[in-house]
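Student: I have a model open and would like to go through one of its pockets and a few residues. Can we start?

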Amino acid sequence: MAQKINEAHEHIAKAEKYLKTSFMKWKPDYDSAASEYAKAAVAFKNARQLEQAKDAYLQEAEAHTNNRTLFHAAKAFEQAGMMLKDMQRLPEAIQYIEKASMMYVENGTPDTAAMALDRAGKLIEPLDLAKAVHLYQQAAGVFENEDRLRQAVELIGKASRLLVRQQKFDEAAVSLQKEKNMYKEIENYPTCFKKTIAQVLVHLHRADYVAADKCVRESYSIPGFSGSEDCIAMEQLLQGFDEQDEEQVSRVCTSPLLKYMDNDYAKLAISLKVPGGGKKKPTAAAAASGDSGASAGAVPPEEDEDEYAGGLC
């Protein structure tokens, strides 16, 4: 380990030498300095000196930036972020990855930028859902600008699920509508059906029956939706909700169609309550029991008196 640390310091000394100017050397040699800083960072990393490795990567990034080699500068910023991640300093790590993504875009490599933001979202998700949503939305925006809708819509889907998890239903409704529009544009109609179900669940949790009903009505224009299993289920759910029929709502929400959706939406279905507590329809057995009870408790009609009961005389 000591050998690796000494090796790293030697590379740092060489890098600093390359950056010096003199009467015969007017311009710093940023390229050579960056190479030495990169070697120093690897040596520090192997010696588990993560703080010093991070600093070396930042010095490498600065040298590349001064040399206008933005792609390599962005890579170095990403590596600095990874060192911070290993030190459990995730918010700082995300800042450097975001900086790297901006440099990737500036360099003309937006795909690399979007993938970096996606990775950052996955890193921060266990710690900060709101930040993860922001990163996924940023990544989706980069892909969308490049007309790569299939990649963009996957990231918007991640954002939608996390918004639901945070119970930010207004934002989730907007995100789901955008997601559904993209799936419609790339003609992935079966997934549009699933997004309609998600929309209905979100709107009902927002206590906005009108918006939920509107989502279903608008989906009739999607090829194959009308008469589909998804369509029938949503019509039954809305009918049950409108009639405050707790039994019908529960039957739809616990059906396999909704139970096996993405976990965040399945939880919405299970937790959906009919406003006012709902009512239960009487079962056939209960109805029959009620009828027999009524018969048992009823007073039998008086029989007409027979005027001839005592005989003719």
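**Pocket lining and selected residues**

Tutor: Yes. Helix α15 gives the most to the lining of the second largest pocket, with five residues. The model is a predicted one.

Student: Which helices each supply at least two residues of that lining?

Tutor: The lining of the second largest pocket includes Val164, Arg165, Asn263 and Asp264. Helix α8 spans 149-165, and helix α15 spans 263-271. The helices that each supply at least two lining residues are α8 and α15.

Student: How do the lining residues of the second largest pocket divide into nonpolar, polar and charged?

Tutor: Among the lining residues are Phe169, His205, Lys267, Leu268 and Ser271. The lining divides into three nonpolar, four polar and three charged residues.

Student: What volume does the second largest pocket have?

Tutor: A probe the size of a water molecule, rolled over the atoms, shows where empty space is left. For the second largest pocket, the volume is about 170 Å³.

Student: Is glutamine 151 buried, partly exposed or exposed?

Tutor: Glutamine 151 sits in helix α8. Its C-alpha atom is 9.9 Å from that of aspartate 111, 40 residues apart along the chain. Buried means under 20% relative accessible area, and exposed means over 50%. Glutamine 151 has 30%, so it is partly exposed.

Student: Is cysteine 231 buried or exposed?

Tutor: The cut-off for buried is under 20% relative accessible area. Cysteine 253, at 4%, is buried. Cysteine 231 has 1%, so it is buried.

Student: How many disulfides does the structure hold?

Tutor: A disulfide is a covalent bond between the sulfur atoms of two cysteines. The number of disulfides in this structure is zero.

Notes
Residues numbered from 1 in each chain as written. Predicted model: local features only at pLDDT ≥ 70, side-chain atom pairs only at ≥ 80, totals over all residues. Heavy atoms only, no water. 1 Å grid on protein atoms, 1.4 Å probe; cavity = no way out; pocket = protein on both sides within 12 Å on 5 of 7 lines; lining within 4 Å. Points joined across faces, edges and corners; volume = space filled by probe spheres on them. Helix = DSSP H or I, 4+ residues; strand = E, 2+ residues; numbered from the N terminus. Nonpolar A, V, L, I, M, F, W, Y, C, P; charged D, E, K, R; others polar. Disulfide = S-S within 2.5 Å. Buried < 20%, exposed > 50% of the residue type's maximum accessible area, 1.4 Å probe, protein only.
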